[in-house]
Amino acid sequence: MIRVNNLSRIFFDSQRGEIKAVDSLSFTCQAGEIMGLLGPNGAGKTTTLRILATLLSPSGGTAELNGFDVIKEPDKVRASLGFLSSTTGLYPRLTPEEILKFFGEINGMKGAGLKSRIDALIAEFNISDYARVRCEKLSSGMKQKVSIARALIQDPPVLIFDEPTVGLDVIAAAQTMKAILEYKKRGKCILYSTHIMSEVEKLCDRIAIIHKGTLQAIGTMEELREQTGERYLEDIFFSLMGTGTTFAENGS
Amino acid sequence: MFWIVLRKELLSFFRDKNTIIYSIILPIALYPIIFWIMNELMTLHYGSLRDMPSRIAVSSDVPEDMVLFLMKSDLDLEISSIPLMMKSSVDPELKKLDLDVVIRRSGCSDEDPVEVFFDSSSDRSNSARDRIESVLTDYRIEKLNQSVNSILENGMEIRLIDIDLASQESRSRFLLGILLPMIVVIITVMGGIHPSIEVITSERERKTLETTLVSPVSATGLILGKFVAVITMSVLAGILNIIAMILTLRYTLFGGASDNLSFSIPLSTLPLMLIGIVLIAATFNALMILIAAFAKDFKEAQSYVSPVYAIGIQPAVVAAIPGIPFNSYTALIPITNISLFFRSLIQGNIEWIPTIITLTSLLVWCVILLTFARRLLRRDALVLGLEKQQIKSIMFGNRFKKGE
Ligand SMILES: Nc1ncnc2c1ncn2[C@@H]1O[C@H](COP(=O)(O)OP(=O)(O)O)[C@@H](O)[C@H]1O
Ligand SMILES: [Mg+2]
């Protein structure tokens, strides 16, 4: 479903010079699986996911999503993808219903099919009470539900979540994780990036730990335990970082 | 794709208070406000005076036919007769009887002229004096005609009749043709400013741009939809402004009351005017969107856009200077040309060669800017924001091919 092979992305910064945000990264993710991308701030998670979502082009390597190459068939990649991050906001002056309609239409849906899909999502995520209220008036928990529904509008086979719980209260965060687990059961291929270890432990089938753009380790919790000889994810993580206690920000 | 984006953008605009104010309310309300203020000011100065009758006292030694002539006058004169009086008693009498003017004979013989006493410190007395002067001038001409006619054998009348060849319309068109094109250009451009910051900069700031970009929207459809939405608001502002202008001129006190400003815009020029508005809106707003796209947030975008707007409309003001011709050369100066073009339309003399040059040059600018925008506003640039390096790479080739 997702196949990332030797992926790299270099940024040029006037002050910092050349930054290898992603460096020869390879991993895969299957249908019905949640793959966790764990790494400190600046590890290159967002850059990787943006390349997968065709927002950025890679400097090297290849990436495939639902069988489509991110460079050669970006439209088909985006059509197969539901993307949710802390930087995918909702149009403040549109209502949830209008937003779902807009993204449905962008995905080529229309008429009765689109209408019933919108109604189903509104029912599933309990949005009906505020489906016709402008998003600027909604709480962050309400917005999050609408955002998840928005990412699911065309029922895509692949879902990518980039730190989706940032800025949410505990309840909204828990609801988000519940929805993600539910969609895993429905056979979606899910990529979940975070720097919060407890989220990874709760959600993910496999974990890829990245640091400074490179893959440090990949596998199930069991496999990671075997590799490092540590029991808890936190200890596994620090032993892989090789720092002991502190996160070193990439490039600083 | 284009239509879906366009519809969404317009829906958003029509729910935005600022956009409504600048693109709809201001263009409509501007003329009524301007004309209402002008009207108020004019009434304040002259209106009250014009409506008041002049109180005139005529001494009994003034010739009877002259008094009759005064009484027949269309002007609002309140005439009362007073007995003969000494020169020295005129002033106290004027004050006591609350008069504006006193008319009397300066001596006892028929050759002695008629004297008009007035108070130059009083507006009302001045106005009464002016009225009397005009009536007495007419009286003199009448007398002159009578005596000339009696001399001429056949009683042929010699009279001067003014026939002004400049029709009232063309005179008022000339006056308003200088002011109005400038206002239309300014309002049209202003109607697009807020939307042009809104479509990219504000979307990036509110983090909605990325949401759209991860969906299967085509970049061309997206940008075109956004541009057309902005241009629509700008054109809407321009059209509403013209309609408000026409209606204000036709139906307000200002348009009706001052006869020599009766004004109408030739309806046949409206299609051309519309084309002009669309082109100026497209060109100017394409520029505005591009400039705003470099800003991180709304405030920064405003600080970029405001000076460009302020400088950009100066050429429109230049066109309001009377005497600047609309010819093949001035038709090449951006903004000035469109102002002059509107001027020629309002004044009702369409000149085709400069018109074609103006419209073509605007179209060329528009295409250049849109092409530039399409190259600049790629998916990654929209997400990350524009940086100097990106303009460089577009203008001088992509040095960092790998990184883009
Ligand atoms: N547009 C950019 N220009 C320059 N450097 C960038 C840009 N985007 C990200 N980076 C750098 O790339 C590295 C990885 O960033 P990112 O992918 O956002 O990490 P994460 O999401 O894991 O926190 C960081 O060092 C960051 O500063
Ligand atoms: Mg990140």
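Two residues are in contact when heavy atoms of one lie within 4.5 Å of heavy atoms of the other. Keep that in mind as you go round this model, which is predicted.

**Stop 1: where the two chains meet**

Show chains A and B together and colour them separately. With that cut-off, 36 residues of chain A touch 31 residues of chain B. The size of an interface is often given as the accessible area lost when the parts come together. Here the buried area is about 3100 Å², and carbon and sulfur atoms give 60% of that figure. Now select Leu55(A), Arg93(A) and Ile106(A): this trio supplies 24% of the area that chain A buries against chain B, more than any other three residues.

**Stop 2: charged and polar links across the interface**

Stay at the boundary and switch on the side chains. Between chain A and chain B there are 5 salt bridges. A good one to zoom in on joins Glu98(A) to Arg15(B), with the closest N and O atoms 2.7 Å apart. The interface also holds 11 residue pairs in polar contact, counting pairs in which both residues have pLDDT 80 or more.

Which elements of chain A give two or more residues to the side that touches chain B? Select β1, α2 (74-79), β6 (81-85) and α3 (96-106) of chain A to see them. Of the chain A side, α3(A) provides the largest share, with 6 residues.

**Stop 3: a run of strands in chain A**

Next, select residues 2-13 of chain A, which form strand β1, along with residues 60-65, which form β4; the two strands are antiparallel and share 5 bridges. To find your place in the pairing, look at Asn5(A), which sits opposite Thr62(A) of β4(A).

Then add residues 68-69 of chain A, strand β5, which runs antiparallel to β4(A) and is joined to it by 2 bridges. Glu64(A) has Asp69(A) in β5(A) as its bridge partner. These two strands, β4(A) and β5(A), make a hairpin with 2 residues between them. Click on Asn66(A) in the turn: its phi is positive, at about 55°.

**Stop 4: a second hairpin in chain A**

Move along to residues 206-211 and 214-219 of chain A. These are strands β9 and β10, antiparallel and joined by 5 bridges. Ile207(A) faces Gly219(A) of β10(A) across the pair. Again 2 residues lie between the strands of the hairpin, and Lys212(A) in this turn has a positive phi of about 50°. While the strands are on screen, follow the side chains along one of them. In a regular strand they alternate between the two faces of the sheet.

**Stop 5: chain B as a whole**

Hide chain A and look over chain B, which has 16 helices and 4 strands. Of its 404 residues, 48% count as buried. Among the contacts in chain B with a separation of 6 or more, 71% are between residues 24 or more positions apart. Turn on the surface as well: the accessible area of chain B is about 20900 Å², and 65% of it belongs to carbon and sulfur atoms.

**Stop 6: Asp100(B)**

Finish by centring on Asp100(B), in the loop between α4 (87-96) and β3 (101-105) of chain B. Is this residue buried or exposed? Asp100(B) counts as buried because its relative accessible area is 2%, and the cut-off is under 20%. Display Arg55(B) too, and you will find a polar contact of 2.7 Å between its side chain and that of Asp100(B). Beyond its neighbours within four places in sequence, Asp100(B) has contacts that include Pro53(B), Ser54(B), Leu94(B), Phe117(B), Phe118(B) and Arg124(B).

Technical notes:
Residues numbered from 1 in each chain as written. Chains lettered and ligands numbered in written order. Predicted model: local features only at pLDDT ≥ 70, side-chain atom pairs only at ≥ 80, totals over all residues. Heavy atoms only, no water. Buried < 20%, exposed > 50% of the residue type's maximum accessible area, 1.4 Å probe, protein only. Areas by Shrake-Rupley, 256 points an atom, 1.4 Å probe, with all protein chains shown as cover. Pairing = 2+ DSSP bridges. Buried area = accessible area lost by both parts, 1.4 Å probe. Salt bridge = Lys/Arg side-chain N within 4 Å of Asp/Glu carboxyl O. Polar contact = N/O pair within 3.5 Å; in protein donor to acceptor, adjacent residues only side chain to side chain.
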